[in-house]
Amino acid sequence: MEQKLDKLTENISDIKTLIHSFNKTLENIEHRLARLEQMDSIEHRVEVNQIDLSDIKESLQRIEDVQSNVVNDLKRNLGNGEEVKHINRRLDSHLIKLAKAEEEIIILKNR
């Protein structure tokens, strides 16, 4: 009888150990499921936002195109700037000639 009682106590102890290991396994599974749910949530957000990302990419492309057009226009206008500088230098030289001529006229009048 005592052997049966010891055997029953051993079996109960084994069952407790199995229940504890089952609980640990269950906790691990729950933890992994929670992580998978987070991943699904992230993937869902990426899928939902996919359109937004493509819209943003298209907008950036248009901005870059406009910027490149502006840069090209500025480069073309820089060439015009050189022409304007040349014209300004010529005008300055003509103004200097006019000033000298006026000065000579004033000198001649004073004589």
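What follows is a short dialogue on reading the surface and the fold of this predicted model.

Reader: Before we start, what kind of model is this?

Author: It is a predicted model, where local features need pLDDT of at least 70, side-chain atom pairs count only at pLDDT 80 or more, and totals for chains, interfaces and linings use all residues. Residues are numbered from 1 along each chain as its sequence is written, and side-chain values use heavy atoms, with hydrogens and water left out.

Reader: How many helices and strands does the chain have?

Author: Helices (H or I, at least four residues) and strands (E, at least two) are DSSP runs, numbered from the N terminus. Here the chain has one helix and zero strands; helix 1 covers residues 2-110.

Reader: What share of the residues counts as buried?

Author: Buried means under 20% relative accessible area, exposed over 50%, and partly exposed in between (1.4 Å probe, protein chains only). Of the 111 residues in this chain, 0% are buried. Ser68, in helix 1, is partly exposed at 34% relative accessibility.

Reader: Which residues make the nonpolar surface patch?

Author: Patches are made of residues with over 30% relative accessible area and no salt bridge (a side-chain nitrogen of Lys or Arg within 4 Å of a carboxyl oxygen of Asp or Glu). Nonpolar side chains (Val, Leu, Ile, Met, Phe, Trp, Tyr) are joined within 5 Å, like charges within 9 Å. Areas come from the Shrake-Rupley method with a 1.4 Å probe; for residues, only the protein chains shown count as cover. In this model, Leu53, Ile56, Leu60 and Ile63 form a nonpolar patch of about 380 Å². Leu53 sits in helix 1 and is partly exposed, with a relative accessible area of 49%.
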